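Q: I am new to this structure. Please pick one part and take me through it closely, along with whatever surrounds it.

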Amino acid sequence: VLVGSSGSTKIGVAPGATLLVARVFDASGSSSSVTRAAGGIEWALDPDGVPSTNDGADVISLSLGETVVSTVWKTYVDSWITTYNVPIVAAIGNDGPGSETTESPGNVPNAIGVGAVDASDVITAFSSRGPVSWSGTAYTKPDVVAPGATIYSADYSSDTGLVAMSGTSQATPHVGGGAALALQARPTLTAAQVKQYLEDYAKALG
């Protein structure tokens, strides 16, 4: 599925990118689990089950979360980065503005955790905040922020095909697109280098 185009008009951060989509919900569309989500991600990373063929996603963008510091998600994220060398971009959660409100997998140290700002580059009240502690070490989270307030998204049930939504789930695809552009420009970047690149070149706020 190609994204970011409407006729001759290019839309979004990385127009022309290709999506790999896996269904991880039940038939009703209302229930899923960490295991199901992880299975969908692993399929996207390696659709044919042969890692050496390099046919999987170059960037994983996740708009989901558990309101815990999840060692299960940490194990998954670290394994995926080690095995596939693919940046894992994940929403940090919508439980702000209090501190220590981040969600997994966005709060996993090696994931690129994404918070939300409004049109004036002010962090939204709902955007979750760190720090987060892993094995006694405190980490600053989110790693970066992106536009996440009143963002237009595709919606098949809308008369216009679009709906305005707010959340760190709306901010995350912006950063996923940025990671895709970084890899387009420099395909040899490692997942860790993409993360550092995004942090180093992000606009410093306040």
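A: What follows is a walk along one helix and then outward to its surroundings. The model is a predicted one.

The part is helix α2, which covers residues 71-84. This helix has 14 residues. From its first C-alpha to its last, α2 reaches 20 Å, close to the 20 Å expected at 1.5 Å a residue.

Which residues of α2 are buried? They are Trp73, Val77, Asp78, Trp80 and Ile81. Look down the axis of α2: its buried residues fall within an arc of 160°, so they line one face of the helix. A general rule helps here. An α-helix has 3.6 residues a turn, so residues three or four places apart point the same way. The other side of α2 has its own residues. Thr71, Thr75 and Thr82 are exposed, on the face turned away from the buried side.

What covers the buried residues of α2? The cover includes α1 (34-45), β4 and α4 (191-201).

Now the end of the helix. Asparagine 85 follows α2. This asparagine lies in the loop between α2 and β4. Its phi is near 55°, a positive value in a residue other than glycine. Asparagine 85 is partly exposed, with a relative accessible area of 35%.

Next, the core. The largest nonpolar core has 20 residues. Val77 and Trp80 are among those with the most contacts inside this core, together with Ile41, Ile60 and Ile88. α2 is one of the elements that give two or more residues to the core; the others are α1, β3, β4 and β6 (132-134). α1 gives the most, with 5 residues. Follow isoleucine 41 as an example. Not counting residues up to four places away in sequence, isoleucine 41 touches Ile60, Leu62, Trp73 and Trp80. Both Trp73 and Trp80 are on the list of buried residues in α2. Apart from this core lies another, of 15 residues. Val114, Val144, Val175 and Leu183 are among its members.

A loop also meets the helix. Valine 108 sits in the loop between β4 and β5. Is this valine buried or exposed? Valine 108 is buried, with a relative accessible area of 0%. Leaving aside neighbours within four places in sequence, valine 108 is in contact with Trp73, Lys74, Val77 and Asp78, and also with Trp134 and Lys141. Valine 108 and threonine 140 are 32 residues apart along the chain. Their C-alpha atoms are separated by 10 Å.

The loop between β4 and β5 holds proline 105 as well. The peptide bond from serine 104 to proline 105 is cis, with omega near 15°. A cis bond also joins lysine 141 and proline 142, with omega about 0°. Proline 142 is found in the loop between β7 (137-139) and β8.

Serine 135 is placed in the loop between β6 and β7. Its phi is near 55°, a positive value in a residue other than glycine. At 82% relative accessibility, serine 135 counts as exposed.

Then there is the sheet that contains β4. Its 4 strands have the order β3-β4-β5-β8, in an open sheet with parallel pairing. Which strands are at the edges? They are β3 (60-62) and β8 (144-147), and each pairs on one side only. Neighbouring strands of the sheet are turned by 30° against each other on average, direction ignored. Strand β4 (residues 88-91) pairs with β5 (residues 112-117) in the parallel sense over 3 bridges. Valine 89 has isoleucine 112 in β5 as its bridge partner.

To place α2 in its setting, end where the walk began. The buried residues of α2 are covered by elements including α1, β4 and α4. Val77 and Trp80 are among the core residues with the most contacts. Valine 108, from the loop between β4 and β5, is in contact with residues including Trp73 and Val77. The exposed Thr71, Thr75 and Thr82 are on the face turned away from the buried side.

Key
Residues numbered from 1 in each chain as written. Predicted model: local features only at pLDDT ≥ 70, side-chain atom pairs only at ≥ 80, totals over all residues. Heavy atoms only, no water. Pairing = 2+ DSSP bridges. Axes fitted to C-alpha atoms, helices over the stretch in contact; angles between N-to-C directions. Expected span 1.5 Å × (residues − 1). Buried < 20%, exposed > 50% of the residue type's maximum accessible area, 1.4 Å probe, protein only. Arc of directions from axis to C-beta. Contact = heavy atoms within 4.5 Å. Core = buried A, V, L, I, M, F, W, Y, C linked by side-chain atoms within 4.5 Å.
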